[in-house]
Amino acid sequence: MGKTALIVIDMINTYDHDDADLLLPSAREAVPAIVRLLKRARESGVPVVYANDNFGEWRSHHGEIVDTALSGPHAELVRPLQPDDDSLFVVKARHSIFYETPLGYLLSSLEIDHVVLCGQVTEQCVLYSALDAHIRHLRVTVPRDAVAHIHPPLAEAALEMMRRNMHAEIVSGDDIEW
């Protein structure tokens, strides 16, 4: 039997982008559930992987991405979620956490067969990442209270697509057993 990893998608964020005003209310709601997931995963020894956009700054590394987000106007959303010394960090350029990143290799080397996806945006990066995980034969769980959206109807449709088409388990974050 394999192992589980918690993957935090695009939460290290300055919110200085199109649709940020629509995303921020949902992000504020999701942060407490993500904090609880991080705490429980870390206490259980579950690997935590941050998969984060680099905002087109190709010379940046994960420390700079974190520092930039922490110095931004919405640091209160980033501070409780920041990576610890044991966290892994993958920089991504597109919607999927797998697209041209080393994530697949990393998960394989850790013998991960189940990913818990949290973060943002439900109807974009989370959806495409769930599809890519599914086609890689990984079990997928998405805690509905730990994902943030821009458009509520699209987010609901995305969660239903993940459940129906990708056999993802859609649950409350507090119901996830590590």
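The expected span of a helix is taken here as 1.5 Å times one less than its number of residues. In this predicted model, helix α1 has 24 residues and reaches 32 Å from its first C-alpha to its last, which is close to the 34 Å expected at 1.5 Å a residue.

**Helix α1 and its surroundings**

Although its span is close to the expected value, α1 bends by about 30° at Ala 30, and a proline, Pro 32, follows within four residues. Ala 30 itself belongs to the buried residues of α1, together with Ala 20, Leu 23, Leu 24, Ser 26, Ala 27, Val 31, Ala 33, Ile 34, Leu 37, Leu 38 and Ala 41. The elements that cover these buried residues include the strands β1, β2 (48-53), β4 (112-120), β5 (139-143) and β6 (147-148), and also the helix α3 (75-78). After the helix comes Gly 45, whose phi is positive, near 75°.

**The largest pocket and Asp 10**

The largest pocket has a volume of about 350 Å³, and 17 residues line it. Asp 10, His 17, Asp 53, Gln 124 and Cys 125 are the lining residues that lie nearest the centre of this pocket. By residue class, the lining divides into six nonpolar, five polar and six charged residues.

Asp 10 is found in the loop between β1 (3-9) and α1 (20-43). Its relative accessible area is 8%, and because buried means under 20%, Asp 10 counts as buried. Not counting residues up to four places away in sequence, Asp 10 touches Ala 51, Asn 52, Asp 53, Lys 92, Gln 120 and Cys 125. Of these contacts, Asp 53 and Cys 125 are also named among the residues nearest the pocket centre.

**Asn 52 in strand β2**

Asn 52, one of the residues touched by Asp 10, has its place in strand β2. With a relative accessible area of 0%, Asn 52 is buried. Leaving aside its neighbours within four places in sequence, Asn 52 is in contact with Asp 10, Met 11, Ile 12, Ile 65, Phe 89, Val 90, Val 91 and Lys 92. For the last of these, Lys 92, the C-alpha atom is separated by 5.6 Å from that of Asn 52, although the two residues are 40 residues apart along the chain.

**Pairs separated in sequence**

The table sets out the C-alpha separation of three residue pairs, including the pair just described.

| Residue pair | Separation along the chain | C-alpha to C-alpha |
|---|---|---|
| Asn 52 and Lys 92 | 40 residues | 5.6 Å |
| Leu 131 and Met 166 | 35 residues | 6.4 Å |
| Ser 108 and Pro 153 | 45 residues | 34 Å |

Leu 131, which pairs with Met 166 in the table, has its place in helix α5 (residues 122-135). At 37% relative accessibility, Leu 131 counts as partly exposed, because this class lies between buried, under 20%, and exposed, over 50%. Ser 108, the partner of Pro 153 in the table, has its place in helix α4. The relative accessible area of Ser 108 is 54%, so that Ser 108 counts as exposed.

**Backbone geometry in the loops**

Two residues other than glycine have a positive phi that deserves a careful look. Tyr 15, with phi near 60°, lies in the loop between β1 and α1, the loop in which Asp 10 is also found. Glu 111, likewise with phi near 60°, lies in the loop between α4 (103-109) and β4. Their surroundings can be set against each other: Tyr 15, at 5% relative accessibility, counts as buried, whereas Glu 111, at 61%, counts as exposed.

A further backbone feature is the peptide bond from Gln 120 to Val 121, which is cis, with omega near 5°. Val 121 lies in the loop between β4 and α5, while Gln 120 is one of the residues that Asp 10 touches.

How values were computed:
Residues numbered from 1 in each chain as written. Predicted model: local features only at pLDDT ≥ 70, side-chain atom pairs only at ≥ 80, totals over all residues. Heavy atoms only, no water. 1 Å grid on protein atoms, 1.4 Å probe; cavity = no way out; pocket = protein on both sides within 12 Å on 5 of 7 lines; lining within 4 Å. Points joined across faces, edges and corners; volume = space filled by probe spheres on them. Nonpolar A, V, L, I, M, F, W, Y, C, P; charged D, E, K, R; others polar. Buried < 20%, exposed > 50% of the residue type's maximum accessible area, 1.4 Å probe, protein only. Contact = heavy atoms within 4.5 Å. Bend = angle between axes of the 7 residues up to and from the residue.
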